[in-house]
Amino acid sequence: MNAIETKALNIGYRGPKGDQTVLSGVDLSIADGEFLTILGPSGCGKSTLLRVVADLLEPLAGDISVLGEDPSVIRSRRQVGFVFQESTLLPWRTVEANIELPVQVGRGRTGVRDSDRKRVKDLLEMLGIAGLEKRYPKQLSGGQRQRVAIARALFSEPRILLMDEPFGALDEITRDRLNEELLDVWRRTGTTILFVTHSIMEAVYLGQRVMVLGANPGRVMALRDLKGQKTPDNRCAREDPAIVNLMSELRKTLEQVS
Amino acid sequence: MNSLLRSVIAPVFGPLSIILAWQYLVPIAGIPPYILPTPTGIAGALANQWPLFADNVWTTVIEAIAGFLIGNLAAVLMAVVFVYSAPIRAAYFPVVLFFNTIPVLALAPIIILIFGLGLTPKIIVAAVICFFPTLVNMIRGLDSASSNERELLHILSATPWDNFWRLRLPRSLPMLFSSLRIATATAVIGAIVGEWIGSDKGLGALIIQATYNYQSDRLYGAIVLSSGLSIALFLIVVAVEKLVLRHE
Ligand SMILES: Nc1ncnc2c1ncn2[C@@H]1O[C@H](COP(=O)(O)OP(=O)(O)OP(=O)(O)O)[C@@H](O)[C@H]1O
Ligand SMILES: [Mg+2]
């Protein structure tokens, strides 16, 4: 079964003056466990697409199924994780309490179990921020905050992880390191990831496929398979000539649609 | 050194210089003590007549604190109702707005007419005067969660209950506390205004009596105590705020 399937999907916003279509005619099949990166000019509908998959927004027309079900079913089963562009940690909760939010929202006041505490510790370790459990978000750097947001999204072991420019605000070194960690997490968990970015390098480095969206009219402009240029477990060298070529090819596509 | 100057020396020196000037320049300028007594004169009156002051302070303390608690609690509850029910908000917010335009000095006699001369009417005046700013702040606070935060809870399939306790209420606390800080001073004002209009007890009553009897040291003593009361309430609220909003 595919992780995400869409047919003739139109998405956008309903307004008092009629619907405003953002992306139309989206036909996509994303395999279970795939890492798909999404590029496109600002305002073309990348975030909107993720919002439809996460059941934050109803499609205007067409079909979408997530893990063979309606997005709302998958959402209520907690099988979708979302990482926002700004980390969106709740400032009054410690790192630990932020990551445990999914448990507390789900189980009411039965509270946090020892196994949950253990899982928080493991996640922080996996993301290289062990020992920060008791800190408040204000006491973290931007990179640390983004890692905590990823830990929270991973906490309920989602089958689908949606990431909206999660590393956009970070310096290049931190971003590269987090890319590496994210790939590790992905290899270990087998989660399907949809990852929006403005960096061509990041898109190529992370994705097994890269999707390029265009604006006016919004639609899928290109869907480029990178499996030929990468190892089976999705590794590549940034300076590999095949990868460099790919990047300039994608840059041309992007320039045409921007 | 510079920071010591700014954080300790300057804040102490400023008020101290004014008190010293008041103490020594006022008599030199020939202002008689029945118009403006010196700081030592006021302190002396407070010490000599302490039983009288203490008796009256307690009345005002009880009225101000009870009014503060009742007024703010009512405002918080009404804010919750308004935020969850647009029709009720549309129907009754204008009414609240109208009542807010009535000056307390005009409202106080009516409240005393209705509730008599005991503590109750003063508590109600204090509560009324705290009510509106907290209502407005609390409504804004409860609505202040960002759309990302709301979406985060939606993705977790949060119930309305979770939404309230884990997002909207904690989100509102900074705004609630900023209005509680202001309410400490207004609650004391409300209690004193209530006492002016109909009471023989409390700092407000003392102020009126002292004014009519030209007992200016007593008048100034009562003024010092009422601002002391506001400051004490303010510091309590700040301490609670520090505790509740540790993360800020
Ligand atoms: N809540 C909304 N109501 C109406 N229109 C919206 C809303 N949110 C976004 N839009 C519009 O939808 C279009 C796509 O927005 P979207 O946020 O998906 O863009 P994006 O590709 O994520 O851009 P960016 O790279 O800048 O984040 C934009 O034209 C935007 O103005
Ligand atoms: Mg976006």
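## Two acidic residues in chain A

Helices here are DSSP runs of H or I with at least four residues, numbered from the N terminus. With that in hand, we can place Glu96(A): it belongs to helix α3 of chain A, which covers residues 95-99. Please keep in mind as you look around that this is a predicted model.

Is Glu96(A) buried or exposed? Glu96(A) counts as buried, because its relative accessibility is 9% and the cut-off for buried is under 20%. Leaving aside residues up to four places away in sequence, Glu96(A) is in contact with Arg117(A), Val120(A), Glu133(A) and Lys134(A).

One of those neighbours, Glu133(A), deserves a visit of its own. Glu133(A) sits in the loop that runs between α5 (114-126) and α6 (142-155) of chain A. With a relative accessible area of 10%, Glu133(A) is buried too. Along the sequence, Glu133(A) and Glu96(A) are 37 residues apart, yet their C-alpha atoms are 4.7 Å apart in space.

What else does Glu133(A) touch, not counting residues up to four places away in sequence? Besides Glu96(A), the list holds Thr94(A), Val95(A), Lys121(A) and Leu124(A). The side chain of Glu133(A) also has a polar atom 3.2 Å from the backbone nitrogen of Gly131(A).

## Three paired strands

Now for some strands of chain A. β5(A) pairs with β6(A), the strand of residues 160-164, in the parallel sense over four bridges. Within this pairing, Gly81(A) has Leu161(A) of β6(A) as its bridge partner. β6(A) also pairs with β7(A), residues 192-196, again in the parallel sense, this time over five bridges. Here Met163(A) is matched with Phe195(A) of β7(A).

Which residues cover the two faces of β5(A)? Val80(A) and Phe82(A) lie on one side, Gly81(A) and Val83(A) on the other, and all of them are buried. In β6(A), five of its five residues are buried. Ile160(A), Leu162(A) and Asp164(A) point one way from that strand, while Leu161(A) and Met163(A) point the other way.

## Where chain A meets chain B

Let us turn to the interface. The size of an interface is often given as the accessible area lost when the parts come together. Between chain A and chain B, that buried area is about 2200 Å², with carbon and sulfur atoms giving 60%. Three residues, Arg75(A), Trp92(A) and Val105(A), supply 29% of the area that chain A buries against chain B, more than any other three residues. In terms of residues, chain A brings 25 to the contact and chain B brings 19.

How many salt bridges cross between chain A and chain B? There is one by the rule applied here, and it joins the side chains of Arg51(A) and Glu151(B), with N to O at 2.2 Å. Seven residue pairs, both members at pLDDT 80 or more, are in polar contact across this interface.

On the chain A side, the elements that give two or more residues are α2 (71-76), β5 (80-83) and α4 (101-107). α4(A) gives the most, with four residues. Sorted by class, the side of chain A that touches chain B has twelve nonpolar, four polar and nine charged residues. β5(A) thus appears twice in this report: among the elements that touch chain B, and as the parallel partner of β6(A).

Technical notes
Residues numbered from 1 in each chain as written. Chains lettered and ligands numbered in written order. Predicted model: local features only at pLDDT ≥ 70, side-chain atom pairs only at ≥ 80, totals over all residues. Heavy atoms only, no water. Contact = heavy atoms within 4.5 Å. Buried area = accessible area lost by both parts, 1.4 Å probe. Salt bridge = Lys/Arg side-chain N within 4 Å of Asp/Glu carboxyl O. Polar contact = N/O pair within 3.5 Å; in protein donor to acceptor, adjacent residues only side chain to side chain. Nonpolar A, V, L, I, M, F, W, Y, C, P; charged D, E, K, R; others polar. Buried < 20%, exposed > 50% of the residue type's maximum accessible area, 1.4 Å probe, protein only. Pairing = 2+ DSSP bridges.
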